[in-house]
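Okay, thanks everyone. I'll walk you through one structure today, sheets to start with and then helices and cores.

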Amino acid sequence: MRYGIFADVHANLEALEAVLRAYQHERVDEYLCVGDIIGYAANPKECIEKVKSIAKVSVAGNHDWAGAGLFSVDYFNPFAKEAISWTKNNLDSEARDFLGSLSLEYKNEYLTLVHGTLDNPREFNYMRGDYQVEETFRLLETRLCFVGHSHVAGIVGKDQDGRTFYHDNFDSGRPLPRTDNSGVHIEIRKNVKYIINVGSVGQPRDSNPAAAYCIFDTEKMSVDIKRVIYDAPLAREKIISAGLPRFLGDRLLTGR
Ligand SMILES: [Fe+2]
């Protein structure tokens, strides 16, 4: 089984389409979305429709639930607040109901999906710092946990002796090396559990503007996080023309 796992599309249709084109070469059997389909960019409706049509499961991100009125925007920054209020006005009730129907966690025999952390997922905390990482490992019942939320791809493992090790940058206060477009490949080791942040399709924040997407192969027991360059200038233009904050468009060009 080959899973195509992606997160944080954030209404960026150009990035989503580029990722779906890239997945065409990956023999994916099943797509899974780790939340935040909407918020920030100009095509929430189109992104919801696409994700709905291809993903077997989507879990809720904070923006999804905020768009459905289930999560308060009090702690959102001003740009995110403005984007959510614009997004709500540009979604019909069917789309909002779909966002509201997303659950916080999903689990199958191989993997768990959660947007933030397993420790109180409805608070949408960041997997930042050792506490969140350790709590999620403690609560994790499968070998792999796929997360999103920080928009920075990274992998952390915990072996049977309880040793935690960081494969790639994980948003944990450590310096963030740039993930280059050749991507990251790891073999899943026996007796090791992993938390994998798949990065962001529609608003990467690791100084690399290319869209991020992940493939998990259950036969090879391998995980790849890849990057694909997309038409970020067009996504930016659409954000500005829609009257959304210019900053939300500009940041797509630098991946910050
Ligand atoms: Fe997000």
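One term before anything else: I'll call two strands paired if DSSP finds at least two bridges between them. And keep in mind that this is a predicted model.

So, with that in hand, look at Cys 145, which stands opposite Ile 195 in β10. That bridge sits in a broader pairing: β6, residues 144–147, and β10, residues 192–197, go together in the parallel sense over four bridges. Both strands belong to an open sheet of six strands, and the order is β4-β5-β6-β10-β7-β8, with mixed pairing. Which strands stand at the edges here? They're β4 (105–107) and β8 (164–166); each has a single partner strand, so one side of each is left without a neighbour in the sheet. Neighbouring strands in that sheet are turned by 15° against each other on average, ignoring direction.

Now the other one. There's another open sheet of six strands, again with mixed pairing, and it reads β3-β2-β1-β11-β12-β9. Its edges are β3 and β9 (184–187), and since each has just a single partner strand, one side of each lacks a neighbour in the sheet. The twist averages 20° from one strand to the next.

Let's zoom in on the β3 end. β2 and β3 run parallel, joined by three bridges. If you want to find the register on screen, Tyr 31 has Ala 55 in β3 as its bridge partner, and Leu 32 has Val 57. Put α2 in the middle and you get a right-handed β-α-β unit made of β2, α2 and β3.

That brings me to α2 itself. The helix lies across β1, β2 and β3, and it runs at about 115° to β3. Which of its residues are buried? For α2, residues 44–54, they are Pro 44, Cys 47, Ile 48 and Val 51. Seen down the helix axis, those buried residues fall within an arc of 100°, so they line one face of α2. As a reminder, an α-helix has 3.6 residues a turn, so residues three or four places apart point the same way. And what covers that buried set? The cover includes β1 (2–6), α1 (13–23), β2 (30–33), β3 (55–58), α4 (78–89) and α5 (93–101).

Quick stop at α5, because Ala 95 is in that helix and counts as buried at 9% relative accessibility, the cut-off being under 20%. Its C-alpha atom is 27 Å from that of Asp 250, with the two positions 155 residues apart along the chain.

α1 also packs on this sheet: α1 lies across β1, β2, β11 (211–217) and β12 (222–228), at about 35° to β11.

Last topic, the cores. The largest nonpolar core has 50 residues, and the ones with the most contacts inside it are Phe 6, Leu 16, Tyr 23, Ile 37, Ile 48, Val 201 and Tyr 230. α1 gives the largest share of this core, eight residues. Take Val 201: beyond its neighbours within four places in sequence, Val 201 touches Phe 6, Ala 7, Asp 8, Val 9, Ala 15, Leu 16, Val 19, Ala 211 and Ala 212. Then there's a second, separate core of 27 residues, including Val 34, Phe 146, Val 184 and Phe 216.

Okay, that's my tour; over to you.

How values were computed. Residues numbered from 1 in each chain as written. Predicted model: local features only at pLDDT ≥ 70, side-chain atom pairs only at ≥ 80, totals over all residues. Heavy atoms only, no water. Buried < 20%, exposed > 50% of the residue type's maximum accessible area, 1.4 Å probe, protein only. Helix = DSSP H or I, 4+ residues; strand = E, 2+ residues; numbered from the N terminus. Arc of directions from axis to C-beta. Contact = heavy atoms within 4.5 Å. Axes fitted to C-alpha atoms, helices over the stretch in contact; angles between N-to-C directions. Right-handed = clockwise from strand over helix to strand, strands pointing away. Core = buried A, V, L, I, M, F, W, Y, C linked by side-chain atoms within 4.5 Å.
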